[in-house]
Amino acid sequence: MPRPLEPIPSAARALLGVLFFVLFVLAWAWATLGGYVTRTFLADPFTMLREGYELLVRHGFLFDIAITIWRVVGGFVLAALVGVPLGVMMGTYKWVEAFFEPFVSFARYLPASAFIPLLILWAGIGEKQKLLVIFIGSVFQIILMVAVTVGSTRRDLVEAAYTLGAGDAGIIRRVLIPSAAPDIAEILRLVLGWAWTYVIVAELIGSSAGIGHMIVDSQALLNTGQIIFGIIVIGMIGLVSDFLFKAGNRWLFPWRLA
Amino acid sequence: MSKLRIDGVTRTFAPSRKDGTPTLALQPTTFDVADNDFITILGPSGCGKSTLLRIIAGLDRATEGRVLLDGEQVTGPGPERGMVFQSYTLFPWLTVIDNIAFGLRERGIPEARRTGLSHDWCARVGLAGFERHYPKQLSGGMQQRTAIARVLANDPKIMLLDEPFGALDNQTRSLMQETLLDIWQRETKTVLFVTHDIEESIFLASRVLVMSARPGRIKAEVRVDLPYPRHYTLKTSPEFSALKARLTEEIRAEAMLAARVQTH
(Lines give C-alpha, C1' and ligand atoms only; values in the text may rest on other atoms or scores of the structure.)
Protein backbone atom coordinates (compact mmCIF):
# COMPACT_ATOMS: atom_id res chain seq x y z
CA MET A 1 0.00 0.00 0.00
CA PRO A 2 1.53 3.38 -0.99
CA ARG A 3 2.25 5.78 1.85
CA PRO A 4 1.19 9.46 1.75
CA LEU A 5 3.48 11.64 -0.44
CA GLU A 6 5.53 8.60 -1.49
CA PRO A 7 6.94 9.15 -5.01
CA ILE A 8 6.07 6.71 -7.81
CA PRO A 9 8.25 5.51 -10.72
CA SER A 10 7.87 7.65 -13.86
CA ALA A 11 6.78 4.66 -15.97
CA ALA A 12 3.94 3.96 -13.53
CA ARG A 13 3.00 7.64 -13.59
CA ALA A 14 2.72 7.66 -17.40
CA LEU A 15 0.81 4.36 -17.40
CA LEU A 16 -1.73 5.58 -14.84
CA GLY A 17 -2.22 8.81 -16.78
CA VAL A 18 -2.97 6.92 -20.01
CA LEU A 19 -5.14 4.42 -18.15
CA PHE A 20 -7.66 7.06 -17.16
CA PHE A 21 -8.01 8.23 -20.79
CA VAL A 22 -8.65 4.61 -21.83
CA LEU A 23 -11.24 4.07 -19.08
CA PHE A 24 -12.92 7.34 -19.98
CA VAL A 25 -13.26 6.38 -23.66
CA LEU A 26 -14.43 2.88 -22.69
CA ALA A 27 -17.16 4.28 -20.45
CA TRP A 28 -18.19 6.64 -23.24
CA ALA A 29 -18.28 3.79 -25.79
CA TRP A 30 -20.25 1.60 -23.37
CA ALA A 31 -22.84 4.34 -22.78
CA THR A 32 -23.29 5.20 -26.45
CA LEU A 33 -22.76 1.89 -28.31
CA GLY A 34 -24.72 0.01 -25.65
CA GLY A 35 -27.68 2.24 -26.40
CA TYR A 36 -27.95 3.78 -22.95
CA VAL A 37 -27.74 7.31 -24.37
CA THR A 38 -29.62 8.51 -27.45
CA ARG A 39 -27.44 9.29 -30.47
CA THR A 40 -29.13 12.68 -30.75
CA PHE A 41 -27.50 13.76 -27.52
CA LEU A 42 -24.17 12.01 -27.65
CA ALA A 43 -22.31 10.45 -30.57
CA ASP A 44 -20.24 7.31 -30.00
CA PRO A 45 -16.43 7.44 -30.31
CA PHE A 46 -16.38 5.90 -33.81
CA THR A 47 -18.92 8.36 -35.18
CA MET A 48 -16.93 11.15 -33.59
CA LEU A 49 -13.74 10.00 -35.35
CA ARG A 50 -15.55 9.63 -38.69
CA GLU A 51 -17.09 13.08 -38.34
CA GLY A 52 -13.73 14.49 -37.39
CA TYR A 53 -12.14 12.97 -40.49
CA GLU A 54 -14.97 14.45 -42.60
CA LEU A 55 -14.41 17.86 -41.00
CA LEU A 56 -10.70 17.82 -41.68
CA VAL A 57 -10.85 16.47 -45.23
CA ARG A 58 -14.11 17.83 -46.63
CA HIS A 59 -14.96 20.96 -44.64
CA GLY A 60 -11.56 22.60 -44.28
CA PHE A 61 -11.55 22.35 -40.49
CA LEU A 62 -7.77 22.92 -40.44
CA PHE A 63 -8.45 26.48 -41.53
CA ASP A 64 -10.81 26.94 -38.56
CA ILE A 65 -8.17 25.57 -36.24
CA ALA A 66 -5.57 27.94 -37.67
CA ILE A 67 -7.92 30.92 -37.31
CA THR A 68 -8.64 30.07 -33.68
CA ILE A 69 -4.96 29.60 -32.82
CA TRP A 70 -4.11 32.91 -34.45
CA ARG A 71 -6.81 34.69 -32.41
CA VAL A 72 -5.66 33.18 -29.13
CA VAL A 73 -2.00 33.85 -29.78
CA GLY A 74 -2.68 37.35 -31.14
CA GLY A 75 -4.86 38.46 -28.19
CA PHE A 76 -2.58 36.76 -25.69
CA VAL A 77 0.61 38.32 -27.05
CA LEU A 78 -1.00 41.78 -26.99
CA ALA A 79 -2.09 41.21 -23.39
CA ALA A 80 1.40 40.03 -22.42
CA LEU A 81 3.04 43.04 -24.15
CA VAL A 82 0.91 45.40 -22.07
CA GLY A 83 0.51 43.33 -18.91
CA VAL A 84 4.07 42.19 -18.19
CA PRO A 85 5.77 45.63 -18.29
CA LEU A 86 2.94 47.25 -16.33
CA GLY A 87 2.97 44.41 -13.80
CA VAL A 88 6.75 44.77 -13.39
CA MET A 89 6.41 48.51 -12.80
CA MET A 90 3.60 47.94 -10.28
CA GLY A 91 5.63 45.33 -8.44
CA THR A 92 8.67 47.62 -8.41
CA TYR A 93 7.21 51.02 -7.53
CA LYS A 94 4.62 51.15 -4.77
CA TRP A 95 3.15 54.42 -6.05
CA VAL A 96 2.50 52.89 -9.48
CA GLU A 97 0.86 49.98 -7.67
CA ALA A 98 -1.27 52.34 -5.56
CA PHE A 99 -2.40 54.09 -8.76
CA PHE A 100 -3.39 51.04 -10.84
CA GLU A 101 -4.07 48.25 -8.36
CA PRO A 102 -7.64 49.15 -7.30
CA PHE A 103 -8.82 49.56 -10.89
CA VAL A 104 -7.07 46.43 -12.15
CA SER A 105 -8.51 44.38 -9.26
CA PHE A 106 -11.96 45.65 -10.20
CA ALA A 107 -11.47 45.07 -13.92
CA ARG A 108 -10.21 41.53 -13.29
CA TYR A 109 -13.68 40.50 -12.14
CA LEU A 110 -15.43 41.89 -15.20
CA PRO A 111 -16.29 38.78 -17.22
CA ALA A 112 -14.71 39.05 -20.67
CA SER A 113 -17.68 37.27 -22.23
CA ALA A 114 -20.04 39.99 -20.98
CA PHE A 115 -18.09 42.49 -23.08
CA ILE A 116 -18.81 40.62 -26.29
CA PRO A 117 -22.06 42.48 -27.16
CA LEU A 118 -20.38 45.80 -26.43
CA LEU A 119 -17.27 44.87 -28.39
CA ILE A 120 -19.40 43.85 -31.34
CA LEU A 121 -20.91 47.35 -31.27
CA TRP A 122 -17.47 48.93 -31.11
CA ALA A 123 -15.38 46.69 -33.29
CA GLY A 124 -17.85 44.73 -35.39
CA ILE A 125 -17.67 40.97 -35.68
CA GLY A 126 -14.27 40.82 -37.33
CA GLU A 127 -10.89 39.77 -35.99
CA LYS A 128 -10.46 42.96 -33.99
CA GLN A 129 -13.38 42.05 -31.75
CA LYS A 130 -12.10 38.50 -31.15
CA LEU A 131 -8.65 39.76 -30.23
CA LEU A 132 -10.18 42.34 -27.89
CA VAL A 133 -12.18 39.70 -26.00
CA ILE A 134 -9.04 37.68 -25.36
CA PHE A 135 -7.06 40.80 -24.54
CA ILE A 136 -9.61 41.97 -21.95
CA GLY A 137 -9.86 38.49 -20.50
CA SER A 138 -6.10 38.10 -20.10
CA VAL A 139 -4.48 41.47 -19.52
CA PHE A 140 -5.77 42.26 -16.03
CA GLN A 141 -4.93 38.79 -14.76
CA ILE A 142 -1.39 39.09 -16.12
CA ILE A 143 -0.88 42.58 -14.64
CA LEU A 144 -1.96 41.58 -11.13
CA MET A 145 -0.12 38.28 -10.94
CA VAL A 146 3.11 39.74 -12.37
CA ALA A 147 2.91 42.65 -9.92
CA VAL A 148 2.56 40.29 -6.95
CA THR A 149 5.44 38.11 -8.17
CA VAL A 150 7.81 41.03 -8.71
CA GLY A 151 6.74 42.63 -5.42
CA SER A 152 7.62 39.49 -3.49
CA THR A 153 11.23 39.33 -4.72
CA ARG A 154 13.55 38.33 -1.88
CA ARG A 155 14.55 41.53 -0.04
CA ASP A 156 17.97 40.17 0.88
CA LEU A 157 18.85 39.70 -2.80
CA VAL A 158 17.91 43.32 -3.49
CA GLU A 159 19.96 44.49 -0.49
CA ALA A 160 22.94 42.38 -1.56
CA ALA A 161 22.75 43.96 -5.03
CA TYR A 162 22.74 47.47 -3.52
CA THR A 163 25.83 46.73 -1.42
CA LEU A 164 27.52 45.48 -4.59
CA GLY A 165 26.99 48.83 -6.26
CA ALA A 166 23.74 48.34 -8.19
CA GLY A 167 21.59 51.40 -8.90
CA ASP A 168 17.80 51.38 -9.21
CA ALA A 169 17.88 50.53 -12.92
CA GLY A 170 20.32 47.69 -12.22
CA ILE A 171 18.04 46.38 -9.45
CA ILE A 172 15.09 46.25 -11.86
CA ARG A 173 16.94 44.82 -14.84
CA ARG A 174 19.35 42.46 -13.15
CA VAL A 175 17.58 41.45 -9.92
CA LEU A 176 13.80 41.94 -9.98
CA ILE A 177 13.20 40.79 -13.57
CA PRO A 178 15.51 37.74 -13.67
CA SER A 179 14.30 36.70 -10.22
CA ALA A 180 10.63 36.88 -11.26
CA ALA A 181 11.12 35.61 -14.84
CA PRO A 182 10.36 31.90 -14.24
CA ASP A 183 7.19 32.78 -12.31
CA ILE A 184 6.15 35.25 -15.00
CA ALA A 185 6.55 32.47 -17.59
CA GLU A 186 4.39 30.24 -15.38
CA ILE A 187 1.75 32.99 -15.14
CA LEU A 188 1.71 33.34 -18.94
CA ARG A 189 1.26 29.58 -19.30
CA LEU A 190 -1.70 29.68 -16.94
CA VAL A 191 -3.33 32.69 -18.60
CA LEU A 192 -2.87 31.17 -22.06
CA GLY A 193 -5.05 28.30 -20.85
CA TRP A 194 -7.78 30.77 -19.85
CA ALA A 195 -7.44 32.59 -23.18
CA TRP A 196 -8.58 29.39 -24.85
CA THR A 197 -11.94 29.52 -23.07
CA TYR A 198 -12.44 33.16 -24.05
CA VAL A 199 -11.73 32.52 -27.74
CA ILE A 200 -14.33 29.78 -27.98
CA VAL A 201 -16.92 31.96 -26.27
CA ALA A 202 -16.04 34.81 -28.64
CA GLU A 203 -16.44 32.48 -31.61
CA LEU A 204 -19.80 31.13 -30.47
CA ILE A 205 -21.28 34.58 -31.06
CA GLY A 206 -21.16 36.33 -34.42
CA SER A 207 -18.38 34.46 -36.12
CA SER A 208 -17.88 32.95 -39.55
CA ALA A 209 -14.84 30.80 -38.88
CA GLY A 210 -12.99 29.09 -36.05
CA ILE A 211 -13.48 26.07 -33.83
CA GLY A 212 -16.23 27.79 -31.81
CA HIS A 213 -18.07 28.70 -35.00
CA MET A 214 -17.94 25.08 -36.18
CA ILE A 215 -19.35 23.95 -32.83
CA VAL A 216 -22.35 26.29 -33.12
CA ASP A 217 -22.95 25.14 -36.73
CA SER A 218 -22.84 21.51 -35.66
CA GLN A 219 -25.31 22.17 -32.87
CA ALA A 220 -27.81 23.45 -35.45
CA LEU A 221 -27.36 20.18 -37.33
CA LEU A 222 -27.50 18.09 -34.12
CA ASN A 223 -24.10 16.69 -35.10
CA THR A 224 -22.76 15.84 -31.65
CA GLY A 225 -19.87 13.92 -33.20
CA GLN A 226 -18.46 17.12 -34.68
CA ILE A 227 -19.00 19.06 -31.46
CA ILE A 228 -17.11 16.49 -29.44
CA PHE A 229 -14.35 16.34 -32.04
CA GLY A 230 -14.04 20.13 -31.84
CA ILE A 231 -13.83 20.03 -28.06
CA ILE A 232 -11.20 17.31 -28.18
CA VAL A 233 -9.15 19.30 -30.69
CA ILE A 234 -9.19 22.28 -28.30
CA GLY A 235 -8.03 20.02 -25.49
CA MET A 236 -5.22 18.60 -27.63
CA ILE A 237 -4.00 22.05 -28.68
CA GLY A 238 -4.07 23.12 -25.04
CA LEU A 239 -2.04 20.06 -24.07
CA VAL A 240 0.54 20.72 -26.80
CA SER A 241 0.89 24.44 -26.01
CA ASP A 242 1.24 23.60 -22.33
CA PHE A 243 3.97 21.10 -23.10
CA LEU A 244 5.80 23.58 -25.33
CA PHE A 245 5.56 26.26 -22.66
CA LYS A 246 6.93 23.94 -20.00
CA ALA A 247 9.77 22.78 -22.25
CA GLY A 248 10.55 26.41 -23.07
CA ASN A 249 10.65 27.33 -19.37
CA ARG A 250 12.98 24.44 -18.60
CA TRP A 251 15.29 25.57 -21.38
CA LEU A 252 15.17 29.24 -20.41
CA PHE A 253 15.56 28.79 -16.65
CA PRO A 254 17.94 25.91 -16.03
CA TRP A 255 18.91 27.42 -12.64
CA ARG A 256 15.48 26.63 -11.26
CA LEU A 257 16.08 22.91 -11.72
CA ALA A 258 19.84 22.78 -11.23
CA MET B 1 42.83 59.13 10.88
CA SER B 2 40.48 56.26 11.49
CA LYS B 3 39.02 54.38 8.56
CA LEU B 4 35.49 54.08 9.88
CA ARG B 5 33.93 56.24 12.57
CA ILE B 6 30.63 55.36 14.24
CA ASP B 7 29.57 58.60 15.88
CA GLY B 8 26.72 58.49 18.43
CA VAL B 9 24.57 56.19 16.29
CA THR B 10 21.17 55.22 17.71
CA ARG B 11 18.20 53.42 16.20
CA THR B 12 14.59 53.62 17.30
CA PHE B 13 11.96 51.59 15.50
CA ALA B 14 8.52 53.13 15.05
CA PRO B 15 5.74 51.40 16.99
CA SER B 16 3.88 48.65 15.15
CA ARG B 17 0.54 50.02 16.38
CA LYS B 18 -0.57 53.63 16.48
CA ASP B 19 -0.87 53.74 20.26
CA GLY B 20 2.28 51.64 20.84
CA THR B 21 5.58 52.91 22.13
CA PRO B 22 8.65 53.12 19.88
CA THR B 23 11.31 50.45 20.42
CA LEU B 24 14.85 51.54 21.16
CA ALA B 25 17.11 49.01 19.44
CA LEU B 26 20.44 50.74 19.72
CA GLN B 27 21.67 53.12 22.42
CA PRO B 28 24.17 55.82 21.42
CA THR B 29 27.13 53.91 20.02
CA THR B 30 30.51 55.38 19.23
CA PHE B 31 33.69 53.63 18.11
CA ASP B 32 36.46 53.85 15.55
CA VAL B 33 37.88 51.24 13.25
CA ALA B 34 41.45 51.66 12.04
CA ASP B 35 42.66 50.74 8.57
CA ASN B 36 43.23 46.97 8.12
CA ASP B 37 41.63 46.21 11.48
CA PHE B 38 39.69 43.00 12.00
CA ILE B 39 36.96 43.75 14.51
CA THR B 40 34.24 41.42 15.72
CA ILE B 41 31.03 42.62 17.32
CA LEU B 42 29.84 40.02 19.82
CA GLY B 43 26.39 40.06 21.35
CA PRO B 44 23.38 37.94 22.30
CA SER B 45 20.53 37.44 19.81
CA GLY B 46 18.41 40.52 19.25
CA CYS B 47 20.90 42.96 20.81
CA GLY B 48 20.94 45.23 17.77
CA LYS B 49 24.33 44.16 16.40
CA SER B 50 22.88 43.37 12.98
CA THR B 51 21.00 46.69 13.05
CA LEU B 52 24.30 48.45 13.67
CA LEU B 53 25.95 46.64 10.76
CA ARG B 54 23.01 47.40 8.48
CA ILE B 55 23.30 51.10 9.37
CA ILE B 56 27.00 51.02 8.46
CA ALA B 57 26.12 49.26 5.19
CA GLY B 58 23.55 51.97 4.48
CA LEU B 59 20.67 49.48 4.37
CA ASP B 60 19.13 51.00 7.49
CA ARG B 61 19.14 54.59 8.70
CA ALA B 62 20.44 55.78 12.05
CA THR B 63 17.85 57.69 14.08
CA GLU B 64 20.61 59.87 15.46
CA GLY B 65 24.34 60.08 14.87
CA ARG B 66 26.31 59.34 11.76
CA VAL B 67 28.68 56.91 10.13
CA LEU B 68 31.82 58.22 8.45
CA LEU B 69 33.99 56.21 6.07
CA ASP B 70 37.29 57.94 5.25
CA GLY B 71 35.70 61.11 6.54
CA GLU B 72 32.69 60.89 4.27
CA GLN B 73 29.21 60.43 5.69
CA VAL B 74 27.37 57.25 4.75
CA THR B 75 23.93 58.00 3.27
CA GLY B 76 23.04 54.75 1.53
CA PRO B 77 24.41 51.39 0.43
CA GLY B 78 27.44 51.36 -1.85
CA PRO B 79 30.11 49.04 -3.25
CA GLU B 80 32.86 50.49 -1.03
CA ARG B 81 31.10 48.78 1.93
CA GLY B 82 30.66 45.20 0.73
CA MET B 83 28.43 42.99 2.84
CA VAL B 84 28.17 39.24 3.37
CA PHE B 85 24.80 38.20 4.79
CA GLN B 86 23.86 35.35 7.07
CA SER B 87 21.22 34.12 4.62
CA TYR B 88 22.55 32.83 1.32
CA THR B 89 22.16 35.79 -1.00
CA LEU B 90 23.81 34.56 -4.19
CA PHE B 91 21.67 35.32 -7.22
CA PRO B 92 20.21 31.89 -8.01
CA TRP B 93 19.94 32.61 -11.76
CA LEU B 94 23.66 33.37 -12.08
CA THR B 95 26.54 30.90 -12.09
CA VAL B 96 29.33 31.21 -9.52
CA ILE B 97 31.48 33.23 -11.90
CA ASP B 98 28.63 35.57 -12.88
CA ASN B 99 27.75 36.07 -9.22
CA ILE B 100 31.32 37.09 -8.49
CA ALA B 101 31.27 39.42 -11.51
CA PHE B 102 27.92 41.01 -10.53
CA GLY B 103 29.33 44.05 -8.74
CA LEU B 104 31.98 44.60 -11.41
CA ARG B 105 29.28 44.64 -14.03
CA GLU B 106 27.10 47.06 -12.08
CA ARG B 107 30.09 49.37 -11.79
CA GLY B 108 30.69 49.25 -15.54
CA ILE B 109 34.04 47.43 -15.53
CA PRO B 110 34.83 46.29 -19.12
CA GLU B 111 34.08 42.65 -19.83
CA ALA B 112 37.65 41.46 -20.37
CA ARG B 113 38.78 42.82 -17.02
CA ARG B 114 35.59 41.54 -15.36
CA THR B 115 36.24 38.01 -16.57
CA GLY B 116 39.85 38.11 -15.42
CA LEU B 117 39.01 39.43 -11.96
CA SER B 118 36.11 37.07 -11.33
CA HIS B 119 38.09 33.97 -12.35
CA ASP B 120 40.95 35.16 -10.20
CA TRP B 121 38.68 35.60 -7.15
CA CYS B 122 36.94 32.32 -7.79
CA ALA B 123 40.30 30.57 -7.53
CA ARG B 124 41.42 32.59 -4.49
CA VAL B 125 38.46 31.40 -2.38
CA GLY B 126 39.13 27.81 -3.48
CA LEU B 127 36.30 27.39 -5.96
CA ALA B 128 38.30 26.72 -9.14
CA GLY B 129 36.40 24.13 -11.16
CA PHE B 130 33.00 25.35 -9.91
CA GLU B 131 32.78 28.45 -12.14
CA ARG B 132 29.78 27.19 -14.12
CA HIS B 133 27.81 25.85 -11.16
CA TYR B 134 24.56 27.43 -10.01
CA PRO B 135 24.22 28.35 -6.31
CA LYS B 136 21.70 25.52 -5.78
CA GLN B 137 24.43 23.03 -6.69
CA LEU B 138 26.80 24.31 -3.98
CA SER B 139 27.06 23.50 -0.27
CA GLY B 140 26.43 26.25 2.28
CA GLY B 141 30.15 26.79 2.83
CA MET B 142 30.81 27.09 -0.89
CA GLN B 143 27.96 29.57 -1.25
CA GLN B 144 29.46 31.79 1.45
CA ARG B 145 32.90 31.51 -0.19
CA THR B 146 31.31 32.78 -3.39
CA ALA B 147 29.60 35.58 -1.46
CA ILE B 148 32.96 36.62 0.03
CA ALA B 149 34.61 36.52 -3.41
CA ARG B 150 31.73 38.57 -4.83
CA VAL B 151 32.35 41.31 -2.27
CA LEU B 152 36.15 41.24 -2.56
CA ALA B 153 36.10 41.37 -6.36
CA ASN B 154 34.60 44.85 -5.88
CA ASP B 155 37.70 45.87 -3.89
CA PRO B 156 35.68 47.49 -1.06
CA LYS B 157 37.23 49.82 1.51
CA ILE B 158 35.64 47.81 4.28
CA MET B 159 34.05 44.38 4.40
CA LEU B 160 30.97 43.87 6.58
CA LEU B 161 30.00 40.35 7.58
CA ASP B 162 26.71 39.59 9.39
CA GLU B 163 27.06 36.15 11.02
CA PRO B 164 28.15 34.72 7.65
CA PHE B 165 28.99 31.29 9.04
CA GLY B 166 26.00 31.04 11.40
CA ALA B 167 24.18 28.44 9.32
CA LEU B 168 27.23 26.24 8.69
CA ASP B 169 28.19 23.09 10.58
CA ASN B 170 31.07 23.30 13.05
CA GLN B 171 33.82 21.81 10.86
CA THR B 172 32.92 23.94 7.86
CA ARG B 173 32.69 27.04 10.03
CA SER B 174 36.15 26.41 11.42
CA LEU B 175 37.59 26.05 7.91
CA MET B 176 35.82 29.18 6.73
CA GLN B 177 37.25 31.17 9.63
CA GLU B 178 40.77 30.18 8.58
CA THR B 179 40.02 30.95 4.94
CA LEU B 180 38.72 34.39 5.89
CA LEU B 181 41.80 35.15 8.00
CA ASP B 182 44.04 34.03 5.13
CA ILE B 183 42.28 36.35 2.73
CA TRP B 184 42.30 39.22 5.19
CA GLN B 185 46.06 38.93 5.68
CA ARG B 186 46.79 38.65 1.98
CA GLU B 187 44.50 41.48 0.92
CA THR B 188 44.90 43.71 3.99
CA LYS B 189 41.24 44.63 4.19
CA THR B 190 39.36 46.34 6.98
CA VAL B 191 36.80 43.89 8.34
CA LEU B 192 33.81 44.27 10.64
CA PHE B 193 32.36 40.91 11.61
CA VAL B 194 29.14 40.39 13.62
CA THR B 195 28.69 37.13 15.52
CA HIS B 196 27.13 35.60 18.62
CA ASP B 197 29.79 32.87 18.74
CA ILE B 198 32.38 33.70 21.42
CA GLU B 199 35.11 31.43 20.03
CA GLU B 200 34.66 32.85 16.56
CA SER B 201 34.85 36.41 17.83
CA ILE B 202 38.20 35.77 19.54
CA PHE B 203 39.76 33.62 16.84
CA LEU B 204 39.21 36.17 14.10
CA ALA B 205 39.57 39.56 15.71
CA SER B 206 42.27 41.87 16.89
CA ARG B 207 39.54 43.61 18.90
CA VAL B 208 36.19 42.30 20.19
CA LEU B 209 33.37 44.74 20.88
CA VAL B 210 30.88 43.21 23.30
CA MET B 211 27.31 44.44 23.03
CA SER B 212 24.71 44.50 25.78
CA ALA B 213 21.22 43.02 25.56
CA ARG B 214 18.58 45.13 23.82
CA PRO B 215 18.64 48.09 23.71
CA GLY B 216 22.18 47.45 22.54
CA ARG B 217 25.27 49.39 23.42
CA ILE B 218 28.98 48.59 23.42
CA LYS B 219 29.55 47.44 27.00
CA ALA B 220 33.14 46.24 26.71
CA GLU B 221 36.07 46.28 24.34
CA VAL B 222 38.54 43.41 24.54
CA ARG B 223 41.90 43.41 22.76
CA VAL B 224 43.01 40.06 21.39
CA ASP B 225 46.80 40.16 21.39
CA LEU B 226 47.31 36.81 19.76
CA PRO B 227 49.72 36.91 16.81
CA TYR B 228 48.57 36.33 13.23
CA PRO B 229 48.66 34.07 11.26
CA ARG B 230 46.42 32.09 13.56
CA HIS B 231 46.14 28.35 13.40
CA TYR B 232 43.08 26.46 14.60
CA THR B 233 45.17 24.87 17.40
CA LEU B 234 45.19 28.35 18.94
CA LYS B 235 41.67 27.64 20.18
CA THR B 236 43.07 25.23 22.78
CA SER B 237 45.83 27.55 24.08
CA PRO B 238 45.62 28.95 27.65
CA GLU B 239 45.55 32.57 26.41
CA PHE B 240 42.59 31.78 24.21
CA SER B 241 40.80 30.00 27.06
CA ALA B 242 41.33 32.96 29.37
CA LEU B 243 39.81 35.36 26.83
CA LYS B 244 36.97 32.95 26.25
CA ALA B 245 36.23 32.73 29.97
CA ARG B 246 36.19 36.51 30.23
CA LEU B 247 33.89 37.04 27.26
CA THR B 248 31.63 34.19 28.38
CA GLU B 249 31.09 36.07 31.66
CA GLU B 250 30.32 39.32 29.81
CA ILE B 251 27.89 37.66 27.43
CA ARG B 252 26.24 35.41 30.00
CA ALA B 253 25.04 38.36 32.04
CA GLU B 254 23.54 39.91 28.91
CA ALA B 255 21.97 36.69 27.71
CA MET B 256 20.29 36.24 31.10
CA LEU B 257 19.05 39.81 30.95
CA ALA B 258 17.70 39.21 27.45
CA ALA B 259 15.99 35.98 28.53
CA ARG B 260 14.32 37.77 31.45
CA VAL B 261 13.04 40.50 29.15
CA GLN B 262 11.57 37.87 26.85
CA THR B 263 9.81 35.84 29.55
CA HIS B 264 8.21 38.89 31.19
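**Notebook: helix H2 of chain A, the core, and the strands of chain B**

I began on the outer side of helix H2 of chain A, where the face turned away from the buried side of H2(A) carries the exposed residues Phe46(A), Tyr53(A), Val57(A) and Arg58(A). I keep in mind throughout that this is a predicted model.

**Entry 1, the rest of H2(A).** I looked up the extent of the helix: H2(A) covers residues 45-58, which is 14 residues, and reaches 19 Å from its first C-alpha to its last, close to the 20 Å expected at 1.5 Å a residue. Which residues of H2(A) are buried? I found Met48(A), Glu51(A) and Leu55(A) in that state. They lie on the same side of H2(A), because they cover an arc of only 70° around the axis. This fits what I know of α-helices, which have 3.6 residues a turn, so residues three or four places apart point the same way. I then asked what the buried residues of H2(A) pack against, and the partners are helix H3 (61-92) and helix H10 (224-252) of chain A. Just after H2(A) I noted Gly60(A), which takes a positive phi of about 60°.

**Entry 2, chain A as a whole.** I counted elements next, and the secondary structure of chain A comes to 11 helices and zero strands. Its C-alpha atoms fill a box of roughly 75 × 60 × 30 Å, taken along the principal axes. Of the 258 residues in chain A, 34% are buried. I also looked at contacts in chain A with a separation of 6 or more, and residues 24 or more positions apart account for 71% of these.

**Entry 3, where chain A touches chain B.** How many residues of each chain are in contact with the other? I have 14 residues of chain A in contact with 23 residues of chain B. On the side of chain A that touches chain B, helix H7 (155-163) and helix H8 (168-204) each supply at least two residues, and the largest share, six residues, comes from H7(A).

**Entry 4, the nonpolar core.** I looked up the largest nonpolar core, which has 127 residues, and the ones with the most contacts inside it are Ile142(A), Val146(A) and Leu192(B). Helix H6 (residues 127-151) of chain A gives the most to this core, with 15 residues, while domain 1 (4-80 + 157-263) and domain 2 (91-155) of chain B each contribute at least three residues. I followed Leu192(B) further and, leaving out residues up to four places away in sequence, I found that it touches Val33(B), Ile39(B), Ile41(B), Leu53(B), Ile56(B), Ile158(B) and Leu160(B).

**Entry 5, strands of chain B.** I traced an open sheet of four strands in chain B, in the order E2-E1-E4-E5 and with antiparallel pairing. Its edge strands are E2 (23-33) and E5 (72-73) of chain B, each of which pairs on one side only. Between strand E1 (residues 4-13) of chain B and E2(B), which run antiparallel, there are seven bridges, and I noted that Arg5(B) stands opposite Asp32(B) in E2(B).

I then turned to strand E6 (residues 81-84) of chain B and asked whether its residues are buried or exposed. Both faces of E6(B) are covered, with Arg81(B) and Met83(B) buried on one side and Gly82(B) and Val84(B) buried on the other. Four bridges join E6(B) to strand E7 (residues 158-162) of chain B, and these two strands run parallel. Within this pair, I placed Gly82(B) opposite Met159(B) in E7(B).

Conventions:
Residues numbered from 1 in each chain as written. Chains lettered and ligands numbered in written order. Predicted model: local features only at pLDDT ≥ 70, side-chain atom pairs only at ≥ 80, totals over all residues. Pairing = 2+ DSSP bridges. Buried ≥ 20, exposed ≤ 12 C-beta atoms within 10 Å, placed from the backbone. Contact = placed C-beta atoms within 7 Å. Core = buried A, V, L, I, M, F, W, Y, C linked by C-beta atoms within 7 Å. Domains from an automatic or database assignment. Expected span 1.5 Å × (residues − 1). Arc of directions from axis to C-beta.
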